[in-house]
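Ready for a few short exercises with the structure open beside you? Try each task on your own, then follow the worked solution.

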Amino acid sequence: MTTLTVAAPRKRRKPRPWLAMAAVLVIGVFAFGPVYWLIVTALTPSGDAFRFPPRLWPRTVTLEHFANLADNPVLGRYLVNSLIVSSLTAVLTVLVSAYTAYSFSKFRYRGRRSLMSLILASQMFPQALLLITLYLLFSAFGLLNSYLALVLSFTTFTLPLCVWMLKGFFDTIPDELLEAAKVDGAGQGSVIHRILLPVSLPGLVATGLFAFIRGWNDFIFALTLAGPDKQTLPPGLVNTYLGEFQAAWPDLMAASLVVSLPVVGGFVILQRYLVAGLVSGAVKG
Amino acid sequence: MTLISSPPEVRDVAKSPRQGRHLSDKTFGFLLTLPAVVLFSAIVLYPLIGSLTTSLFQQSLVIPGRSFVGLDNFRQVLDDQFWPVLRNTLVFTVFSTACPFILGFALALALNTRLPGRAVLRGVFLFPWVIPGVVVSFAWLWIFNANYGLLNGVLVQLGLIDAPVSWLGDPTTAMAAIIVAKTWASFPWIMVMLLAGLQTVPATLHEAAAMDGAGTLRRFWHITLPHLRGIIGIVVLLEVIWNFQHFDMIYVLTGGGPAGATTTFAVAVYETAFKGFDLGRAGALGALWLLLLLVLVVGYVRLAEREEKR
């Protein structure tokens, strides 16, 4: 009797990966089909790209579209703008969120939970609505069409998740380490700058990269607050390629690949932290 | 149970320097948040309040000055803009949450089995989610292209349609096309979140239930789902909140067209303020939008707090 009940579930529990494999395959086609098509189009000569029905497998491969990008001075400016704005956003985000996360992680004071909720909720206020006043505000201070306006507004939207990512990191640093330094006579400032920050360098880098990616991807703030010469790549590409009467699709696909490259690279580096940060950022209030 | 309790005087001596610092510790801890608080007040809170008060004024982006008009903007907005925009936003939100949720859940379940290379697959599948929203839009614009698009090409060759369809140019298909693109962009995130939840389901529970003869479906229904309830609630609510205010892809794919068929709140507010220059109306529309959104956000914060306590 006992042998029977033990034996039966053994058989039942045998992994049946067929259904799982089929699901992965079908979803995989959906997930990577568009990426494949983007790459193929970017490598297809213009004559071949505009034919119907399209060829799923390119007969000839060309790099002319990437060369076209290099020849376009406007795109170069957008690229430089994107690099500057995203880097500054990353630096400011790490600075501000490190202090905030340290406070949330190691200090207990009244209103702490409300502050945490406020910062978490702030990323849920619609950007389009904030922009109405933000535009007037930056305009009044002469900050429209400046890097500063973009960096400041990007940072508020990178902060919530970055604060949570760093808080998770700081939570793992033993209090004793910081207490010991205090007992040795270190002031509050040097506890942060000499001990906390150096110890959590990997977390700071991950947070910075994440902020960089968010800044790099932003569309609506840059579209509205930056003029043509401070425009970043996402709105810049929309204006350059979709504003025209006829879109140069292969060129646009090549540009899309170039824009995605730093983000994908950064993602590969910080994947481990990112996933953990995402989960804890969403779950912890 | 404390085995050795230290004499009271010793404990006092040990604590006294700490207690002296205790108050300043609290103040210092709060001061650390000041940069963030200032930034939020300037970039989020003040603009939020400002935009809401704008709704009571007749104000243009191009003409300086403003005049108080009371609830006139709200009356106008409710008369001719609000309801179709609400309908579009709801359709977009419901389907752009449900479709990627089903897909993401299916993939999470699949990757939670003993599939070879599932750790790598989990990372690889996150790929569409990382790509910048504007690039995602470009890729799908090209796939949906009426003349040379991949979708039309495949469907014509399979004999499913006779002639190419203008997916984004037709009011009946434009919203569906946007939802497909949005589903592509967001199912990976849902997959990651649910997979993280699935990995916390104790295997012993499943084994015990299997011993009692429960099949895969029953175990899914009675063990997996109840266990994931918290994380599912959070994922769905966050997706609903994000989709309710989504802008990028809708704006790039259709710009709210054709004939307003895909104009959601985000697009309508943006267009009214920055194309129509009518800040008062944009503010009124935005206030109504925010009111609906706030219900969702409060629900989310409650849920997140309860989840953390568990």
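**Exercise 1. What percentage of the 285 residues in chain A are buried?**

Solution. Please keep in mind that this is a predicted model. Buried residues account for 54% of chain A. For the secondary structure, count the elements: chain A has 14 helices and 0 strands. Next, look at the contacts in chain A between residues at least 6 apart in sequence: 74% of them join residues at least 24 apart.

**Exercise 2. Describe the surroundings of A:S86.**

Solution. Start with the location: A:S86 sits in helix 5 (residues 73–106) of chain A. Then check its exposure. The cut-off for buried is under 20% relative accessible area. A:S86 has a relative accessible area of 1%, so this serine is buried. Now list its partners, leaving aside neighbours within four places in sequence: A:F212, A:G215 and A:W216 are in contact with A:S86. Finally, zoom in on A:W216, whose backbone nitrogen lies 3.4 Å from a polar atom of the A:S86 side chain.

**Exercise 3. Characterise the interface between chain A and chain B.**

Solution. Begin with the residues: 96 from chain A are in contact with 106 from chain B. The two chains bury about 9,100 Å² between them, and 80% of that area is on carbon and sulfur atoms. Now turn to the polar side of the interface. The count of salt bridges between the chains is 1. Its partners are A:K182 and B:D25, with the closest N and O atoms 3.8 Å apart. Polar contacts across the interface come to 8 residue pairs, both residues being at pLDDT 80 or more. On the side of chain A that touches chain B, helix 14 (residues 249–283) of chain A gives the most, with 17 residues. Sorted by class, that side of chain A has 68 nonpolar, 19 polar and 9 charged residues.

**Exercise 4. Which residues does B:S51 touch, not counting residues up to four places away in sequence?**

Solution. First place the residue: B:S51 belongs to helix 2 (residues 34–54) of chain B. Its contacts are A:L129, A:L130, A:I132 and A:T133 in chain A, together with B:G283 in chain B. One of these partners deserves a second look, as the backbone oxygen of A:L129 lies 2.8 Å from a polar atom of the B:S51 side chain. With a relative accessibility of 0%, B:S51 counts as buried.

**Exercise 5. Compare the settings of three salt bridges.**

Solution. Over all chains, the structure holds 8 salt bridges. Take A:R55 and A:D48, whose closest N and O atoms are 3.9 Å apart. A:R55 is partly exposed at 25% relative accessibility, and A:D48 is partly exposed at 23%.

Next come A:D171 and A:K167, joined at 3.2 Å, N to O. Both belong to helix 8 (residues 147–171) of chain A; they are 4 residues apart, so about one helical turn separates them. A:D171 is partly exposed at 39%, whereas A:K167 is buried at 10%.

Last, B:K275 and B:E271 meet at 3.4 Å, N to O. B:K275 is partly exposed at 47%, and B:E271 is partly exposed at 25%.

**Exercise 6. Where in chain B does UniProt place the feature "domain: ABC transmembrane type-1"?**

Solution. The unreviewed UniProt entry puts this feature at residues 86–300 of chain B. In the model, that span is 75% helix and 0% strand, and its end C-alpha atoms lie 21 Å apart.

Key. Residues are numbered from 1 along each chain as its sequence is written. Chains are lettered from A and ligands numbered from 1 in the order in which they are written. This is a predicted model: local features need pLDDT of at least 70, side-chain atom pairs count only at pLDDT 80 or more; totals for chains, interfaces and linings use all residues. Side-chain values use heavy atoms; hydrogens and water are left out. UniProt positions are given in the numbering used here, feature names are shortened, and annotations may be inferred rather than shown by experiment. Helices (H or I, at least four residues) and strands (E, at least two) are DSSP runs, numbered from the N terminus. Contact means heavy atoms within 4.5 Å. Buried area is the accessible area (1.4 Å probe) that two parts lose on being put together, summed over both. A salt bridge is a side-chain nitrogen of Lys or Arg within 4 Å of a carboxyl oxygen of Asp or Glu. A polar contact is a pair of N or O atoms within 3.5 Å; within protein, one must be able to donate a hydrogen and the other to accept it, and residues adjacent in sequence count only if both atoms are side-chain atoms. Ala, Val, Leu, Ile, Met, Phe, Trp, Tyr, Cys and Pro count as nonpolar, Asp, Glu, Lys and Arg as charged, and the others, Gly among them, as polar. Buried means under 20% relative accessible area, exposed over 50%, partly exposed in between (1.4 Å probe, protein chains only).
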